[in-house]
Amino acid sequence: MRNVTIENVTEIVLESLGKNGDITPRNLEIMTSLIRHLHDFCREAKIQHHEFLYACDFLARAGQITDDKRQEFILLGDILGVEVLVDMLTHPIEGDESESTVLGPFYRENPPVLPKGASTVQKHFDDEETVYFEGYIRDANGKGIEGVMMDVWEDAPNGLYENHDPDQPDYNLRGRFLTDAEGHYAFRAVRPVPYPIPSDETAGELIRAMGHHPNRPGHMHFMISKDGYRSLVSQIFDSSSDFLEKDSVFAVKESLVAEFRPAGDEYDTDLYVRFDFVMKAAEAAALAAE
């Protein structure tokens, strides 16, 4: 029987890969790297057995509280900066293409499709500031793209997303909009405010273990898609918001910061934001990834 030691256990585990079943080249690459880094981490940090058991319990509890309103594993990945790193690895930027950033744990599928210029607001707050968002979605050659679906969502002035606030109507501050023949989009919403990500349960344990804070700057979420183009998940950050320099999930990028200016009378809102997006054709995106 082979003698397993601290020094040779990693190679023994690696040699087992694919011995009793097929394993794809990509799975072999991922598992090899995962095992090496995980074993090296345990050796470097001298992980003790009670700490291993705590980690197992931590992950089990994260799974137990994950549901359609709270995706705890995405939240944990955000706190560790993993989602933003994976997003940048997945969507390398070339030329004038718009930058992406994290999806986050609060996205909901199938919000209502609204006409261009409509409002996502279903419930008003005493301290809200209304905002008119508009801009153009263009291709790499500067041509407007017609029929792009823009999915938007944000927190309310109380700092809560509607699926975490029983006092907000279903799909409040969420909506989908299509660009017109020139690639123009427009909608009305409220000024997003800074808010703390959930700091209870396992997310809170992780934040406190890191000695970090839970706060995010004010931002509007976007998911932009059309057949023939690479989908874009991004955010627009309020240039005057707190926590721009210390976002709890490390998602702020300079190109995604916009000025919320006083609106003219023609917009019938308090504030105005102009922001354009550039989408990459799917073929170009596939070639860039090779």
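**Reasoning from values to terms in a predicted model**

Reader: Why does Ser16 count as partly exposed?

Author: The relative accessibility of Ser16 is 42%. Buried would require a value under 20%, and exposed one over 50%. Ser16 therefore falls in between and counts as partly exposed. This value, like the others here, is computed from a predicted model. Ser16 belongs to helix α1. Between the C-alpha atoms of Ser16 and Val82 there are 28 Å in space, and the two residues are 66 apart in sequence.

Reader: What makes α1 and α2 roughly antiparallel?

Author: Helix α1 covers residues 9–16 and helix α2 residues 25–45, and their axes cross at roughly 160°. An angle over 145 degrees counts as roughly antiparallel, and the pair is therefore described in that way. Their axes also come within 10 Å of each other. As for handedness, α1 passes α2 in a right-handed crossing.

Reader: Which residues make the contact of α1 with α2, and how do they divide by character?

Author: From α1 come Val9, Thr10, Glu11, Val13 and Leu14, while α2 supplies Thr32, Ile35, Arg36, His39 and Arg43. These residues comprise 4 nonpolar, 3 polar and 3 charged.

Reader: What makes α4 and α6 roughly parallel?

Author: The two helices pack at an angle of about 10°, and 9 Å separates their axes. Angles under 35 degrees count as roughly parallel, so α4 is roughly parallel to α6. The crossing of α4 and α6 is right-handed. On the α4 side the contact consists of Glu72, Leu75, Leu76 and Ile79, and on the α6 side of Glu201, Thr202, Ala203, Leu206, Ile207 and Met210. By character, the contact of α4 with α6 has 7 nonpolar, 1 polar and 2 charged residues.

Reader: Which residues of α6 are buried, and what covers them?

Author: Helix α6 spans residues 201–210, and its buried residues are Thr202, Ala203, Gly204, Leu206 and Ile207. To be called buried, a residue must have a relative accessible area under 20%. The cover over the buried residues of α6 includes α3 (49–65) and α4 (72–79). Just after α6 comes Gly211, with a positive phi of about 70°.

Reader: How do you know that Cys42 and Cys56 are not bonded to each other?

Author: A disulfide needs two cysteine sulfur atoms within 2.5 Å. The closest cysteine sulfur to that of Cys42 is in Cys56, at 10 Å, which is too far for a bond. Cys56 is likewise in no disulfide, its nearest cysteine sulfur being that of Cys42, 10 Å away. The structure accordingly holds 0 disulfides.

Reader: Why do Cys42 and Cys56 each count as partly exposed?

Author: Partly exposed lies between the limits of 20% and 50%. Cys42 has a relative accessibility of 33% and thus counts as partly exposed. Cys56, at 38%, also counts as partly exposed.

Reader: How many helices and strands does the protein chain have, and what share of its residues is buried?

Author: The secondary structure comprises 7 helices and 12 strands. Of the 290 residues in the protein chain, 42% are buried. Among contacts with a separation of 6 or more, 72% join residues 24 or more positions apart. Along the principal axes, the C-alpha atoms of the protein chain fill a box of roughly 80 × 45 × 30 Å.

How values were computed: Residues numbered from 1 in each chain as written. Predicted model: local features only at pLDDT ≥ 70, side-chain atom pairs only at ≥ 80, totals over all residues. Heavy atoms only, no water. Axes fitted to C-alpha atoms, helices over the stretch in contact; angles between N-to-C directions. Helix = DSSP H or I, 4+ residues; strand = E, 2+ residues; numbered from the N terminus. Parallel < 35°, antiparallel > 145°, perpendicular 65-115°, else oblique. Left-handed = near helix turned anticlockwise from the far one by under 90°. Contact = heavy atoms within 4.5 Å. Nonpolar A, V, L, I, M, F, W, Y, C, P; charged D, E, K, R; others polar. Buried < 20%, exposed > 50% of the residue type's maximum accessible area, 1.4 Å probe, protein only.
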